[in-house]
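Morning, everyone. Let me put the model up, and then we'll walk through it piece by piece.

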Amino acid sequence: MIVTIDGVAASGKSSVSSGVAQALGVPYVSSGLLYRAVTLLGLNAGAELADASALLPLLPGVRLEPLASGNRVWNADHDLTADLHSTRVDGGVSTVAALPEIREWVDAQLRALPAPLVAEGRDMGTNVFPHAPHKFYLTASPRVRAERRAKERPEDIPAIEAALTERDRQDTTQSAPAPDARVIDTGPLTLQGVIDTILADLR
Ligand code: C5P
């Protein structure tokens with residue numbers, strides 16, 4: 001069984017997916033972390049982020065560890081996880097995610113994982129696991145998402161809201177709900193409320 005949980009930036013996908021996966025006793029995988037890892041390595045190497053040929057040599061060392069408690073991403077034996085959610089990576093990741101060669105590599109990493117699992121991202125239900133029997137798509141207004149994200153970033157709420165709105169715009173191509181996804185507005189719900197809504201649907 002595969003459950004896909006897609007949604008816009010900072011809609012709570014990772015926390016929700018982790019909660020759902022733990023309740024089901026299965027691993028979850030956060031696909032955005034792979035795009036973030038390639039972005040971080042590209043920035044650190046001084047690569048042009050829009051140039052796939054500069055990024056492709058960086059990919060072989062990257063490995064995602066889908067722990068139930070929180071995914072980790074490694075580059076060889078170096079744990080990148082703590083550095084993947086910076087404003088710097090936020091600003092470059094959509095450029096990297098627009099590259100077909102990088103998307104192909106991420107998709108292959110995800111499809112190699114054994115089911116059952118919960119897969120989280122933008123195109124899990126539409127592209128990576130189109131035959132998944134259970135699909136969800138999380139939304140919330142830009143302001144609500146910026147207020148949540150402000151707890152994890154140094155910038156103020158209007159700056160975060162502007163950056164999220166820009167990232168949504170850049171991600172439009174790969175970020176649409178699958179026709180058979182249940183769309184959940186997480187704005188009025190607590191984290192546990194979203195998790196319970198999904199679990200009730202699965203039952
Ligand atoms: O989910 P998260 O916000 O960490 O994703 C970071 C970025 O990775 C997104 O803004 C998007 O550009 C890209 N992404 C994607 N497809 C996915 C997951 C993430 O394009 N399935």
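UniProt, in an unreviewed entry, annotates residues 3-200 as "domain: Cytidylate kinase". Keep in mind that what you see is a predicted model. Within residues 3-200, helix makes up 45% and strand 17%. The C-alpha atoms at the two ends of that span lie 13 Å apart.

Start with the sheet. Five strands, open, in the order β2-β6-β1-β7-β8. The pairing is parallel. Which strands stand at the edges? They are β2, residues 28-30, and β8, residues 182-185. Each has a single partner strand, so one side of each is left without a neighbour in the sheet. On average, neighbouring strands are turned by 20° against each other, direction ignored.

Stay at the β2 edge. β2 pairs with β6, residues 117-121, in the parallel sense. There are 3 bridges between them. Look for Ser 30: its bridge partner in β6 is Glu 120. As a general reminder, strands of a sheet pair through backbone hydrogen bonds, parallel or antiparallel.

Glu 120 comes up again with the next topic, the binding site. Under "binding site", the unreviewed UniProt entry lists Gly 7, Val 8, Ala 9, Ala 10, Ser 11, Gly 12, Lys 13, Ser 14 and Ser 15. I'll pick two of these.

Take Lys 13. It sits in helix α1. Buried or exposed? Lys 13 has 26 C-beta neighbours inside 10 Å, so it counts as buried. Leaving out residues up to four places away in sequence, Lys 13 touches Ile 5, Gly 7, Glu 120 and Leu 138. So there is Glu 120 again, the partner of Ser 30 in the sheet.

Now Ala 10. This one lies in the loop between β1, residues 2-7, and α1, residues 13-24. Ala 10 also counts as buried, because 26 C-beta neighbours fall inside 10 Å. With residues up to four places away in sequence set aside, Ala 10 touches Arg 145, Arg 148, Arg 149 and Leu 164.

Those arginines take us to helix α7, residues 142-149. Which of its residues are buried? Arg 145, Ala 146 and Arg 149. They cover an arc of only 100° around the axis, which puts them on the same side of α7. Part of what covers them is α8.

α8 matters for the next helix too, in the sense that we meet it there again. Helix α4 runs from 87 to 97. Its buried residues are Val 89, Asp 90, Val 93, Ser 94, Val 96 and Ala 97. Viewed down the axis, these fall within an arc of 160°, so they line one face of α4. What do they pack against? Four helices: α2 (31-44), α3 (52-55), α5 (100-111) and α8 (157-170). Turn α4 around, and the face away from the buried side carries Thr 87 and Arg 88, both exposed.

Last stop, the ligand. How many residues surround it? There are 15. The closest are Gly 32, Tyr 35, Ala 97, Gly 121 and Arg 122. Ala 97 you have just met, as one of the buried residues of α4. Both α2 and α4 supply at least two residues of this shell. Which helix gives the most? That is α2, with 4 residues.

That's the tour. Over to you for questions.

Technical notes. Residues numbered from 1 in each chain as written. Predicted model: local features only at pLDDT ≥ 70, side-chain atom pairs only at ≥ 80, totals over all residues. Buried ≥ 20, exposed ≤ 12 C-beta atoms within 10 Å, placed from the backbone. Arc of directions from axis to C-beta. Contact = placed C-beta atoms within 7 Å. Pairing = 2+ DSSP bridges. Axes fitted to C-alpha atoms, helices over the stretch in contact; angles between N-to-C directions. UniProt positions renumbered as here; feature names shortened; annotations may be inferred. Near = placed C-beta within 6 Å.
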